[in-house]
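Let's take a walk through this fold together. Keep the viewer open as you read, and we'll go from the sheet outwards.

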Amino acid sequence: MLDLRQLRAEPDTVKAAVARRGEPTAPLDQVMVHDERRRAVVSEADDLRSEVKRISAEVGALHRDGRAGEADELRARSRELGARIDELDAEGEQLSEWIRRILLFVPNMPAEDCPGGSGPDDNVVVRTVGHDPSSFGEHQRVPHWDIGDELGILDIDRAVRMSGAMFAMYRGLGARLVRGLIDYGLDRNRDLYEEIRPPTLVRTETMTSTGHLPKFADDAYQLERDGLWAIPTAEVPLTSLLSGEIVEEADLPMRLMGHTSCFRREAGSAGRDTRGLLRVHEFDKVELYGFCTPEQAHDLHDEILDRAEAAIVDLGLAYRVLDLCTADLGAASARTFDIEVYAPGADRWLEVSSISWCRDYQARRANVRYRPAAGGRTQMVHSLNGSGLAVPRVWAALVETYRRPDGSIEVPEALHPYMGGITSIGPR
RNA sequence: GGAGGGAUGGCAGAGCGGACGAUUGCGACGGUCUUGAAAACCGUUGGGCCUUCAAGGGUCCCGGGGGUUCGAAUCCCCCUCCCUCCGCCA
């Protein structure tokens, strides 16, 4: 959520930033109108309340002096004021609600250095690392769904029978590889990041804090009977880890990581990327997460990107890093870098990580603040997140990249410790 | 799912219609004393909103919401959460 105070203080800056995304700014004008009225209403109500308190004190004094009979007029006056206060309060609440409802739908302001653009084509390729897409051999040009069948390590057909399209099931060493990748993703960040294993079903408020609700409800699985939602990423529960809390500046930056299942309805994607593991409704992911001060945010953003990237480098996959343009940015993000790995068999770049700096947008929704060491008002923290390792697409790029001419798969060295010493996956 | 008991400041724990944003203890922070420390003593020690250059002022918050009243932490109703017992259960 945007900062109402900032909007009030520098409306042109805020509106220009939102406009850079191609978002309408009329809602912000509406917010400012409501805000001005609200302040007038609150101010008047407070003054009247002050008067009521004074009268009540007088009435109390008369009672103590045994002159209760003289209080009738005061009582009547106070009752009148009370009625007026009720009206003002009701109006104030209505205005607050309107403001909140509008603001919940307005996306974050892009960072100043976030590249402008009107669609995915305007994303900036920061660097491409690893092999050239043309450098892969014929034996690597087999898509992972075929490899999965061949080796019996991926069983899409039966997963679909159980759960429907875009669900996957791993078998044998394929399943082992999933587990290995998760541990690999966690262990390499254990030095600085506290491992969290959060719930995967969360309340509506929790989903609202990250910006996934109310606007993107169609993308999420909902358990209506219980008022719960299945998380699309560990970012959701991790953002709420400190909701409503005030931390000391000394506790920042706070680095967290979480492995969870992630659930996505992919409402707008029906029929696209349906083959194999390109896009699935349920998958495993290790998420890196950080709360920090505004001053620490840039460094922490770089750090999470470095770590997400290093995980791909050490697996020996070809990849590229994208600086997302204003049009492709997630609603909560001010700046996002994507990592895409190249899958030679599917001949596709697959997004495996999105490293976002959300400024105080999510913190304001979740109400996570810190007390500055130097004193002064509490401030909203900044939040950052990025996939440390998204299993299915890495799995896919991996088996395609490491397929040998004989059809078996070489397990990259970095994963040997996580595969119980198994170095090759052959037919069963 | 059934029955009972709870929810107050960083923690513990008073208050049960009027001068209570809240006694007190602990903790934390600052000071006095001390070669230093401890002890003792003194002081400080929540958040939101409005207003303000600032200082200050106003107002709200005793789990959440509603009600009664001139006035609610205190009385009434609803909800949520926690604890104990029973049932069920990985």
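Below come the ground rules, then the sheet, its helices, the cores, the odd backbone spots and the cysteines.

This is a predicted model, in which local features need pLDDT of at least 70 and side-chain atom pairs count only at pLDDT 80 or more, while totals for chains, interfaces and linings use all residues. Residues are numbered from 1 along each chain as its sequence is written, chains are lettered from A and ligands numbered from 1 in the order in which they are written, and side-chain values use heavy atoms, with hydrogens and water left out.

Start with the sheet. A bit of vocabulary helps: helices (H or I, at least four residues) and strands (E, at least two) are DSSP runs, numbered from the N terminus, and two strands pair if DSSP finds at least two bridges between them. Eight strands make up an open sheet with mixed pairing, and the order across it is S1-S9-S10-S11-S14-S8-S7-S2. Strand S1 (124-129) and strand S2 (194-196) sit at the edges with a single partner strand each, so one side of each has no neighbour in the sheet. On average, neighbouring strands here are turned by 25° against each other, direction ignored. For angles in general, axes are lines fitted to C-alpha atoms (for helices, over the stretch in contact), and values run from 0 to 180 degrees between N-to-C directions.

Zoom in on strand S11 (residues 348-357) and strand S14 (residues 382-390): the two run antiparallel and are joined by two bridges. In that pairing, tryptophan 357 stands opposite leucine 384 in S14.

Now for the helices on the sheet, where contact means heavy atoms within 4.5 Å. Helix H7 (residues 173-187) packs on the sheet and touches S2, strand S7 (254-263), strand S8 (282-292) and S14, with its direction making about 5° with that of S8. Is the length of H7 what you'd expect or not? The expected span of a helix is 1.5 Å times one less than its number of residues. For the 15 residues of H7 this should give 21 Å, and the end C-alpha atoms are 20 Å apart, which agrees.

Which residues of H7 are buried? Buried means under 20% relative accessible area, exposed over 50%, and partly exposed in between (1.4 Å probe, protein chains only). By that rule the buried residues of H7 are Gly174, Leu177, Val178, Gly180, Leu181, Ile182, Tyr184, Gly185 and Leu186. Their cover includes S2, S7, S8, H10, S14 and helix H12 (391-401). Helix H10 (residues 297-314) itself lies across S1, S7, S8, strand S9 (319-323), strand S10 (335-343), S11 and S14, and runs at about 155° to S11.

On to the cores. A nonpolar core is a set of buried Ala, Val, Leu, Ile, Met, Phe, Trp, Tyr and Cys residues joined through side-chain atoms within 4.5 Å. The largest has 64 residues, and those with the most contacts inside it are Leu181, Leu315, Leu317, Ile339, Trp395 and Leu415. Leaving aside neighbours within four places in sequence, tryptophan 395 is in contact with Ile153, Leu154, Tyr170, Gly174, Leu177, Val178, Leu181 and Leu277. A second, separate core of 17 residues includes Leu2, Leu7, Val18 and Ile102.

Next, the backbone. Most residues other than glycine have a negative phi, and most peptide bonds are trans. Leucine 213 and proline 214 are joined by a cis peptide bond with omega about 0°, and proline 214 is in the loop between helix H8 (204-209) and strand S4 (222-223). Another cis peptide bond joins leucine 252 and proline 253, with omega about -5°; proline 253 is in the loop between strand S6 (246-248) and S7.

As for phi, methionine 166 has a positive value of about 65° although it is not a glycine. Methionine 166 lies in the loop between helix H6 (156-163) and H7, and is buried with a relative accessible area of 9%. Asparagine 367 has a positive phi near 60°, but is partly exposed at 30%.

Finally, the cysteines. The structure holds zero disulfides (pairs of cysteine sulfur atoms within 2.5 Å). Why is cysteine 292 unbonded? The closest cysteine sulfur, in cysteine 358, is 11 Å from that of cysteine 292, too far for a bond. Cysteine 292 also counts as buried, at 0% relative accessibility.
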